[in-house]
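This note is addressed to a colleague who will consult the structure at the bench. It is set out as numbered points.

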Amino acid sequence: MQVVVDKPLVQGFDYLWDIEKLGRFPEIGNVVEVPFARSKEVGLIVKVSNHSEYEIEKLKYVERLAPLPVFDPALLRLMSFTSQYYIHALGETALPVIPQMWKKADEWEKIPKKLESAENKSKKNSPLPTEGLITLDQLNSEQKIALRKLLAEDQKEKEFRAILLQGQTGSGKTAVFLNWLASALREESAQVLLLVPEINLTPQLERRVRAYFPDKKMAVLHSGISEKKRGVAWYEAMTGKAQIILGTRLAALTPIPNLRVIVVDEEHDPSYKQQDGTRYSARDLAIWRAHDQKIPILLASATPSLETWLAAQSGRYENIRLDQRAQGASLPSVHLINAREPQNQFSPGDAGAPKQKSLITKTLANAISKSLAEKKQSLILINRRGYAPVLSCSACNWLSKCTQCSTYTVMHKAGALSNRSVLNCHHCGLVKPIPQFCPDCGNADLKTLGHGTQKLEDAIEEMWPQARVLRVDTDSSRKSKGAEALFEEIHSGNVDIVVGTQMIAKGHDYQNIGLVAVLDADSRLYSADFRAAERLFAQLVQVAGRAGRSGTKGEAGGDIYIETQYPESPVFQYLLRHDVDGFLAFTAKEREEAKLPPYSYQALIHAEGKSLDQAIWFLNELKTRIKIKGLIGKELKIYDPVPKPVMRVAGAERAQLLIESSNRKVLQETLEIIDQELRQDSTGRISKASRIRWLVERDPIAI
Ligand code: ADP
Ligand code: ZN
Ligand code: ZN
């Protein structure tokens, strides 16, 4: 038989088996423990045969079989597609899918006990929640029409369908697809997969999903749960015990033998893209999986990705829309504040003007005061955690650079990271004490440049001393009770002003937010990445969706304030009109003219080593080899290698090579050749000569 293991090796390895020892016949899709090099590895059987190209005498025996059913054929097809499409070995793609609990062969014997205890625990579940349950008859007319369209097609032949469910935040998409899933789950053994972005998978959503399916078992899969819980949930999905599989991107590759329907919520969310190992897009894999298994898939979003939106426009995907807010409130009003205009700024004599230069404009400050007076909550976003992004010397212009990265260390006040103020690198994690004197000139006058969440929190507390202020970012949520406790504070109304990063904007169904402000929109607008505007637009719509959700019919839907120096930019102009389709059409045209994705296909070759020169040289040499092979031409373009946006991280210098093609197949073939070329001179994924670590990434979402 042939077994693949979790190594960057393309081939599988042949083993013999001894039925007596294993207790049963090994099959394709069985998880096994095998001797490997001088130790043991857990692997996956991909072939069972009586022949081997190797000398039988030299082959070793499989040690044992995991107490697991086989991976179903559909899952094996998905894994093999993933491995091929994303140019990664099958073993490196398949094995990471298996939770740790099942990869410790020494503990396989104890597993039945663990499963039993988990079963007993889940029996003692607290009473079922009814939170957020919108039953069939409670759906509004628009939702009913949407659901009817979904169900009508379900009656037909078993076939692939992709549906874009598009509707502004709060329009009731979740209520529609949960009711749809309920109908699929009427079949006793049916299983459904619901994918959500990393940060959206909150207990609030979990309770909401549970409320719809009181008598079904749910398996929750994401990186935040304990190894054991994940191992059990995965097993329950694999054995059909759980009917609802709710998870983040890693759940896209879960074995689900009776899969009937897939839903991808917030399908545009960048967290669906895996950023290490096999760099897959969970959304794209889910679509492939639905296609392969001839089942429907629903993609939901307020701001669909350009790819999905174009597919819906062209009729490849069905397009179902919800145009009203479910609870009746109108959309929030968008206000653009140009900080450069004097009327928006505090003058020294103004009432309420802060002592130092204000972090927020007078216009915004007035709006916050008004919101406070109306007893509504305000959300203020700034996309940088910490106190200030850099510390500098006023005498010699010294800046707090990271010693291991080509970035600055961020100043953090005492808090989650340390009980005193420190400098922290957000790329490599380095934490250093704050120098008392400038390391270059000895000057004692060090000052901060720019601002982060902590500094904003201080400024707000100073301006509104009577207000209850809460900061929510990864630092504050790491402390004490975690993010959930912070969100609870907001929900319970114990907070007047929330300061935080993008983290607070996603998914949460806040009920009393009247004002949302975004302070550093510009920094995300002008980035080298061509998707920056698309991403910012989606974030702003998402953020705006937090305001005024619960307003009754006709009531104002809250206000969103955006501070920008470029109010005329299309992102803001389309946002002002809540014109998602207009923005997407505009962006599509831009991309088409520039022949950028989705009008072309891209891949990146990443290289990192001790020096940037070596990494660039390595990629240049690769480019030359591809050129010599005559592959570069009308349909294939290879750019010059360039340093990465953050060139040095934790001491490694990094470069990348962008490859672009108008033809998917041409790109695929080229990448396979590149992979072969690179593998020839490498051990695993490290080149033998220059010790460069390389990686091929298909469909990168950040260039
Ligand atoms: P979306 O997924 O589009 O953001 P949700 O389904 O989460 O929208 O709905 C937004 C809010 O409106 C939720 O609080 C939800 O419980 C509520 N809601 C949804 N549909 C209805 C309805 N038909 N009647 C009343 N409230 C609804
Ligand atoms: Zn100095
Ligand atoms: Zn660093």
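The points below concern a predicted model, and they take up one helix, the nonpolar cores, the cysteines and the salt bridges in turn.

1. Helix α8 comprises twelve residues, 227–238. The distance from its first C-alpha to its last is 16 Å, close to the 16 Å expected at 1.5 Å a residue. Just after α8, G240 adopts a positive phi of about 80°.

2. How many of the twelve residues of α8 are buried? Nine are, and the helix is thus mostly covered. The buried set consists of R230, G231, V232, A233, W234, Y235, E236, A237 and M238; charged residues, including R230 and E236, appear in it.

3. W234 of this buried set also belongs to the largest nonpolar core, which has 59 residues. W234 is listed among the residues with the most contacts inside that core, together with V31, L44, F71, W102, I262 and I297. Leaving aside residues up to four places away in sequence, W234 touches L68, F71, V97, I98, P99, W102, L221, T254 and P255. Another core, of 39 residues, lies apart from the largest one; L306, V334, I490 and L575 are among its members. In soluble globular proteins, nonpolar side chains tend to be buried together.

4. On the cysteines, a search of the whole structure returns zero disulfides. C402 counts as buried because its relative accessibility is 4%, under the 20% limit. C428, at 25%, counts as partly exposed.

5. The whole structure contains 35 salt bridges. In one of them, K370 pairs with E374, the closest N and O atoms being 3.8 Å apart. K370 is exposed because its relative accessibility of 53% is over 50%, whereas E374, with 47%, is partly exposed.

6. Which parts of the chain does the pair of R625 and D681 link? The two side chains meet in a salt bridge at 3.2 Å, N to O. The pair links distant parts of the chain: R625 lies in helix α19 (residues 612–628), and D681 in the loop between α20 (664–680) and β29 (682–683), 56 residues apart. R625 counts as buried at 19% relative accessibility, and D681 as partly exposed at 37%. Both residues take part in a network of salt bridges that also includes E621, K629 and E677.

7. A further salt bridge joins the side chains of E653 and R648, at 3.5 Å from N to O. E653 is buried, with a relative accessible area of 15%, while R648 is partly exposed at 23%.

Conventions. Residues are numbered from 1 along each chain as its sequence is written. Chains are lettered from A and ligands numbered from 1 in the order in which they are written. This is a predicted model: local features need pLDDT of at least 70, side-chain atom pairs count only at pLDDT 80 or more; totals for chains, interfaces and linings use all residues. Side-chain values use heavy atoms; hydrogens and water are left out. Helices (H or I, at least four residues) and strands (E, at least two) are DSSP runs, numbered from the N terminus. The expected span of a helix is 1.5 Å times one less than its number of residues. Buried means under 20% relative accessible area, exposed over 50%, partly exposed in between (1.4 Å probe, protein chains only). A nonpolar core is a set of buried Ala, Val, Leu, Ile, Met, Phe, Trp, Tyr and Cys residues joined through side-chain atoms within 4.5 Å. Contact means heavy atoms within 4.5 Å. A disulfide is a pair of cysteine sulfur atoms within 2.5 Å. A salt bridge is a side-chain nitrogen of Lys or Arg within 4 Å of a carboxyl oxygen of Asp or Glu.
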